[in-house]
Amino acid sequence: MAAEATRSAKPRSRGGRSAGKRSTGRIDVAEVSVSSPERVIDSQSGLHKIDLARFYCRVADWILPGLDNRPVSLLRAPEGIEGEQFFQKHAGRLAIPDIKHLDQSLDPAHPPLMEIDTQKALVGAVQMGAVEFHTWGATTDRIERPDHLVFDLDPDPELPWQRMLDATAFLLDILDELRLDAFLKTSGGKGMHIVVPLGRFHGWERVKAFAHAVSEFACRRQPDRLTATMGPKNRVGKIFIDYLRNQRGASTVAAYSARARPGLPVSVPIHRDELGQLKAASQWTVGNLGERLDTLNSDPWSGYANRQRITASMWRTIGAKPPEED
DNA sequence: GATCATT
DNA sequence: AATGATCAACGCGGC
DNA sequence: GCCGCG
Ligand SMILES: [Mn+2]
Ligand SMILES: [Mn+2]
C-alpha cells in the first residue's frame with residue numbers, strides 16, 4: 001500500500017508550472033545519466049536534482065563505508081521534498097544501475113533487499129529520486145550479529161538546542177564510565193545520534209536490551225530531562241532516547257546521508273571535541289558540507305573499530321540483567 | 001514516521 | 001488509551 | 001479488485 005508508506009504529500013501542481021517536465025538535457029554524473037537535472041528539489045535552498053547527484057558523488061568516499069555490505073532502504077522524493085515521499089525497502093522492479101540485490105534468504109517473503117556499494121549505484125539511486133539512505137545495524141554476512149548500536153536522541157521540538165548538547169554529553173559520560181567508545185553524528189533533523197561500534201558478539205535481542213537498559217539508566221538519573229518511553233506526551237519538555245533503532249530490521253539514516261527536509265540538511269559525523277560548538281543538528285547541508293570536508297584534517301570518526309563487547313560488568317553498572325539467549 | 005497489534 | 005512492534009512503490013485504466 | 005494518481 002503505497003499511500004501508507006508515504007509522508008505527507010503536499011499538492012504540488014499549481015496553475016502554470018509544468019511540473020518539472022522540462023526537457024532540459026540530461027547530465028552525466030558518475031556514469032549515470034541524470035534526468036531533469038535543473039529540477040528544484042528543495043525550495044528553501046533552491047538546490048536542484050543535479051546538485052544532489054553531485055553531492056553524493058562528492059561524499060561517496062565518506063558515505064560508502066557505512067553502506068557497504070548492509071541492506072539499504074531509500075527515502076525517495078521524485079518530485080522534490082515538498083512532493084510525495086516514500087520509503088523503499090525492497091528492490092522490486094526498480095532498476096538502479098549497479099545496485100546489488102541481496103540474498104533472498106535475508107527476507108524470504110519479499111523481493112530482495114538492496115545494497116549500494118559504489119558511487120555509480122549511489123548516484124543511480126538519486127536519479128530514481130532517492131534523497132535519504134538508511135541502513136541496518138548489521139552487515140549481510142552476519143545479519144544476526146549487529147556491529148553497532150545507536151542511541152537516537154529525539155527532543156521535544158520546543159527544547160533549546162543546548163538541552164540536546166547536554167543530553168549527548170551526558171550519554172557520552174555514561175558510555176565512558178562503561179568504557180565504551182562512542183561516536184557522534186548530527187541526525188540532520190532535530191537531534192544527535194550516538195553510535196557505539198561493536199564486535200559481532202551478540203544477537204539483536206541482547207543488543208537492543210542493552211541499549212534499552214542504558215537508556216533507562218540515563219533516564220533514572222535525569223528523569224526531568226530524559227525519557228525512554230515512546231509517545232509524544234512522554235517527551236514533553238524532554239528528550240526521547242530512541243533505543244528501538246537497535247532492533248532486527250530497523251534502520252537508521254546513514255552517516256553522510258542527506259535528509260529530505262527543508263534546506264537539505266545532512267547527517268554528519270563529528271569528533272567528540274566538536275560537540276560543544278555545534279549550532280544545530282541541521283547545520284550542515286548538501287550546500288555547505290563540502291566546505292567542512294575540504295578543510296578536515298582527519299576523519300572525525302578515526303579510531304572507529306568493531307571490537308567492543310557488552311560485558312557482565314557493564315550490565316552490573318547499569319543495574320540490569322542480560323537476556324538469557326543470544 | 002504511520003499504522004497495527006497487544007495489553 | 002497507550003506503548004512497542006512492524007511495516008514501508010507500483011502499473012494503471014476508470015468504473 | 002480497488003482506488004489515489006503523480
Ligand atoms: Mn532521531
Ligand atoms: Mn527516532
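User: Which protein donors hold the manganese ion (ligand 2)?

Analyst: Start with the general idea. Ideal angles at a metal are 109.5 degrees for four tetrahedral donors, and 90 or 180 degrees for six octahedral ones. Now the case in this predicted model. The protein donors of the manganese ion (ligand 2) are Asp152 (OD), Asp154 (OD) and Asp242 (OD). They lie 2.2 to 2.4 Å from the ion. Water is not among the atoms, so the site may look incomplete.

User: What spacing do the donors of ligand 2 follow along the chain?

Analyst: The pattern is D-x1-D-x87-D.

User: Which aspartate coordinates both manganese ions, ligand 2 and ligand 1?

Analyst: Aspartate 152 coordinates both. The two ions are 3.8 Å apart.

User: Next, the domains. How is chain A divided?

Analyst: Domain 1 covers 26-135, and domain 2 covers 144-319. Their centres, taken over C-alpha atoms, are separated by 24 Å. The contact takes 26 residues from domain 1 and 29 residues from domain 2.

User: How much area do domain 1 and domain 2 bury between them?

Analyst: The size of an interface is often given as the accessible area lost when the parts come together. Here the two domains bury about 2100 Å². Of that, 61% is on carbon and sulfur atoms.

User: How many residue pairs are in polar contact across the interface?

Analyst: The rule finds 10 such pairs between domain 1 and domain 2. On the side of domain 1 that touches domain 2, the elements giving two or more residues are strand S4 (40-42), helix H1 (49-67), strand S7 (85-88) and strand S10 (130-135). The largest share, 9 residues, comes from H1. By class, this side has 15 nonpolar, 5 polar and 6 charged residues.

User: And salt bridges: how many does the structure hold?

Analyst: Side chains of opposite charge can pair when their charged atoms come close. The structure holds 11 salt bridges, and 3 are counted between domain 1 and domain 2.

User: Where do aspartate 294 and arginine 58 sit in the chain?

Analyst: Aspartate 294 is in helix H5 (residues 289-295), and arginine 58 is in helix H1. The two are 236 residues apart. Their side chains meet in a salt bridge, 2.6 Å from N to O.

Methods
Residues numbered from 1 in each chain as written. Chains lettered and ligands numbered in written order. Predicted model: local features only at pLDDT ≥ 70, side-chain atom pairs only at ≥ 80, totals over all residues. Heavy atoms only, no water. Domains from an automatic or database assignment. Contact = heavy atoms within 4.5 Å. Buried area = accessible area lost by both parts, 1.4 Å probe. Salt bridge = Lys/Arg side-chain N within 4 Å of Asp/Glu carboxyl O. Polar contact = N/O pair within 3.5 Å; in protein donor to acceptor, adjacent residues only side chain to side chain. Helix = DSSP H or I, 4+ residues; strand = E, 2+ residues; numbered from the N terminus. Nonpolar A, V, L, I, M, F, W, Y, C, P; charged D, E, K, R; others polar. Donors = N, O, S within 2.8 Å, 3.2 Å for Na, K, Ca; no water.
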